[in-house]
Structure formats: structure tokens, C-alpha cells
Amino acid sequence: MTVIRKLIALTALPVLLGGCVSSAEYAAKEAGFATVSAKVGGAASKQTVWVQNRQEAELASAKVKALLAGRKTLDAETAVQIALINNKGLQAAYADLGESAAEAWQSTMLLNPTVSIGFSGMGTPELEAFKTIEGAITTNLLALITRKRDIEIADTRFRQAQLNAAVRTLQLAADTRRAWINAVAAWENVTQLQRAQAAADAASELAEKLGETGAMAKGAQAREHVFAAELAGETAKARLAARLAKEELTRQMGLWGPDTEFQVPNSLPPLPKALMKRDTIEAEALGNRIDLQVARLELEATARSSGLTEATRYVTDLQILAGAESEREIGEDGDKKWETTATGELEFSIPIFDTGKARMRKAELGYMRAANQLAEKAVNVRSEARSAYEAYRSNYDIARHYRNNVVPLRTKVEEESLLSYNGMITNTFELLTDTRDKINSILLSVNAKRDFWLADASLAPAVYGGGTAAASAGTEVASSSESGGGH
């Protein structure tokens, strides 16, 4: 019994040395997800869910169907909400958060001791069994000494994982909003081209009839016909581009099957009457950007790891072994008895060749790398915030210029050209040229409005994080597709 009591005392040694650390926060089913929800709710005013079983998946699917049901067209806010509930890539990012929580949970657990039992003198005739039985328990003493720092590092990484999950969520929200804007703008282009197509087809038919009566030369007829034919080709290209843009939106929302039959509006919302004032956007970005907070935590984790490296510079492995040895002997009177003695052993490496300088140098360089990356991130965040607001203001001015000046002037030119043509002052070619120019101006106006709304959608990511390089501040003409009530 004495030997058993000793072994029990040795088994309890790691607990006595390691202390007690609560792991309830890390062991929870949705560990860290409350932080993600709070960040997303504050930045995007949207709800996100973490689906971890079949029942939750069915609830999420039902909610998506409810959001899609009874809508003539899908607005941007609903599209973003569906993506945050239904996108499977986002759920994979939340699984990374769960893995980080599990790793932090693992760090709070004591190392399992190693138990070994040995026998010697097997088959000795006079003893009929074993002559010696040895038992030992081995535990890593250095791991117990550095356990508190290991837990702190794991906790920092866990907080990083929470923020990374929030960044991924905001990025999906921003990408979905941009996909919706591109899809709607593409269909608006189609609508404008189809309106022009209807007029061109009517002119082509009229030209054919005038040609039959001899009132229009064959060259003038051909110009009308080729204009209608080219416009039909451009409309077909625009329709394809719009369908592909809608498919991109469908992918972002994670929809398939009958759910892909949703429709988007045929035109973007009109320009707002006034711009938002963001005079302190740099300060807002520095205070709210989640990816900047991730970089700060990276520096913190690197500093903690550097401190751990310094603490274990000379001794990298320290193990304590304790046990007991029982030996059976035959006394002078022939009785067989056991004699038990305690044993102990301390094992560690001697830093003769590797004094830890190289590891310390690597730790120092790792810390400097993280510090410089954080400084670079802060500079970039300020620049990105300024650029986002500059694009927002400038694209508004450009879109308003096309709406208020270019399109009305092109419309006036076409009207005057039509009057001159009816009065036989100008020829068909000049009228067609003016009509083409008006169509191009309308398409430029549509795409200028699209660029403004894309810039508007990039303002929140510039302040809170989750932005990508997908937003375009250009004004090139985009192709579009089919008209009707929605697509």
C-alpha cells in the first residue's frame, strides 16, 4: 500500500505544479462566435449564423427561402443577408474559428504523465515468477513551468481567429453587395440597349418600305439595316454579361436549384441628393478596422512567443521521473518477501553546442517583422480610407455630370438631328451617328452611376475591414442584358 500511495502522489504532482485554469470559454459549442456576431452587427447591421448540425442547417435553409419568397425583385440588403446565412465558404471560415478554440482548450489541459512498468528475473525457478518489478511515472517539468505562457499565446491566437472570422464575414457582405450592384447595372444596360433596339428595328423596317417605293436609296437603307444588326449584336453581348453578373451574385449567396430563379431590379437606385460627410474617416478606420486589430494581436502573440523562447533558451527539455522498485527475495528461513525502494530521475539537455542564441535571434526577427507589418498596416489603412472616400466623392460628381449634362445634351442633339432629317436638311448617316452617340452616352451614364454605388459599397469596408480590390473606380462601358420587370 505504501508503494501505491507514492505512485498516486507522483501522479498528482503535475496538478500541484500546474495550477488550475478554466477552459469553459474555449469548450463552448460556439466559442468566440458572439464576438464575430457583435462585430458584424456593428459594421454591417446584419445577422450571421454558425451552422454546426443538421437541425441548424434546416433552420438556415428555411430562413433563406423565407427571405426569397414573395419578392418581385431582390434588393441589396436581402442579398447580403442571404449570403451571410447561406454561403458555405463562410461556414468553413467559422470552422477555423472552432479549431482555434479547440487548440486554446487543449492548451489549458495538463500533459498526460507517462507510466512505465518493467519486470526482470522472469522464470526464475526458485521464485516461480518475477524477481523484480519496476514502476515509474514521467512528466515534462518544463511544460508545466511554461504552461501559463502557452495558454496566454493560445488565447491570443484564439482572439485573432475571432477577428479573422469577422473580417471574412464583412468581406463576403461587401462582395455580395458589389455583385448585386454589377448585376443590376448590367440589366440596366440591357434595358437601355433594348429601347434603342426597338427604335432601330422600326427605322430599319421603315427604310425597307421606303426603298420599295423608291423614296430611299439602297445605301441609306443599308445604313439603317446595319445599325439595327449591330445593335442586336451589342444587346446580345450585354444580355450575356448580365446573366454572368447574376450568376456571380448567385454564387455569393450560395444558392442553387429553384432558389436561383430570383430576379434583380432593372435599374440601380437614383443618385442620392447629397453626399455623406466623412471628414474623420482616417480616424474611424484606425479605430475600427478589424484587420488592424488582427495585426496588433499578431504582434502581441509574437511578443509572448519571444518571451517563451527566452525563458527556455538554455533548457529546452526537462523531465522528472519518479517511481518504485520492488524486489522479491528468499530469506534464510525460506520465506519469500518483497523489498520496495523509491527511485527518482531528472532528465535535461546540456546546452553545450546549442546555447539558444539562434532561437533568440529568430524570435527577435519575428517580433520586428510583426512590428513593421503592423506599422505598414496602419499606414495602408489610412490611405485606403482616404482613397475610398475620394472615389465616393469623385464618382458621385462624375455620375451627376453624365445625368445632368451629357445625356440631356445628347438627347437634344438627336432631337434636332431628327428634325433636320425630317426636313431633308441632313442625311441618314448623320442621324445614325447622333443616335449612336446618344446610346453611348446613356451607357456611360449608367456605368458612372454603377461606379458611384460601388464606391459607396466600399466605404464601410474601408472603415471596418473586409474590403477587396474588386471595387472599380473606372468609367469604362460595361455590357448588360435582357429587359422586363426583373431578371
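This is a short walk through the structure above, from its confidence values to its helices and side-chain pairs.

The model is predicted, so local features are described only where pLDDT is at least 70 and side-chain atom pairs only at pLDDT 80 or more, while totals for chains, interfaces and linings use all residues. Residues are numbered from 1 along each chain as its sequence is written, and side-chain values use heavy atoms, with hydrogens and water left out.

Let us begin with confidence. The pLDDT score is the predictor's confidence in each residue, on a scale from 0 to 100. Its mean over the chain is 77, and 67% of the residues reach 70 or more. Among the elements (helices are DSSP runs of H or I with at least four residues, strands runs of E with at least two, numbered from the N terminus), helix α6, residues 76–86, has the highest mean pLDDT at 95, and helix α1, residues 2–11, the lowest at 46. Over residues 1–21 the pLDDT is below 50, and beyond near neighbours in sequence this stretch has 22 contacts in the model; a contact means heavy atoms within 4.5 Å. Residues 469–485 also stay under 50, with 61 contacts beyond four places in sequence.

Now look at helix α4, which covers residues 33–44. Its twelve residues should span 16 Å at 1.5 Å a residue, and the end C-alpha atoms are indeed 16 Å apart; the expected span is 1.5 Å times one less than the number of residues. Which residues of α4 are buried? They are F33, V36, V40, A43 and A44, where buried means under 20% relative accessible area, exposed over 50% and partly exposed in between, with a 1.4 Å probe and protein chains only. These buried residues cover an arc of only 105° around the axis, which puts them on the same side of α4; the arc is that of the directions from the helix axis to the C-beta atoms. On the other side of α4, A34, A38 and G42 are exposed.

Just after α4 comes S45, in the loop between α4 and α5. Phi of S45 is near 55°, a positive value in a residue other than glycine. S45 is exposed, with a relative accessible area of 60%.

Next, the charged side chains. Side chains of opposite charge can pair when their charged atoms come close. The structure holds 20 salt bridges, each being a side-chain nitrogen of Lys or Arg within 4 Å of a carboxyl oxygen of Asp or Glu. One of them joins E56 and K29, with the closest N and O atoms 2.9 Å apart. E56 lies in helix α5 (residues 54–68) and K29 in the loop between α3 (24–27) and α4, so this pair ties together parts that are 27 residues apart in sequence. E56 is partly exposed at 21%, and K29 is partly exposed at 46%.

A second salt bridge links E188 with K449, the closest N and O atoms being 3.1 Å apart. Because E188 belongs to helix α9 (residues 147–213) and K449 to helix α14 (residues 428–457), the pair ties together parts that are 261 residues apart in sequence. Here E188 counts as buried at 7% relative accessibility, and K449 counts as buried at 14%. D291 and R289 also meet in a salt bridge, at 2.8 Å from N to O, and both residues are buried. Salt bridges that share partners join R289, D291, K377 and E384 into one network.

Finally, the aromatic rings. A search of the whole structure finds eight aromatic pairs; rings of Phe, Tyr and Trp (its six-membered ring) pair if their centres lie within 6.5 Å, and planes under 30 degrees apart count as stacked, over 60 as edge-to-face and the rest as tilted. How are the rings of Y26 and F158 arranged, stacked or edge-to-face? Their centres are 5.4 Å apart and their planes stand at 90°, so the pair is edge-to-face. With Y26 in helix α3 and F158 in helix α9, the pair ties together parts that are 132 residues apart in sequence. Y26 is buried at 8% relative accessible area, and F158 is buried at 0% relative accessibility.

F158 also appears beside helix α7: S100, which lies in that helix (residues 88–107), is in contact with R157, F158 and A161, leaving aside neighbours within four places in sequence. S100 itself counts as buried, at 10% relative accessibility. Elsewhere, ring pairs link Y389, Y392, Y396, F452 and W453 into a cluster.
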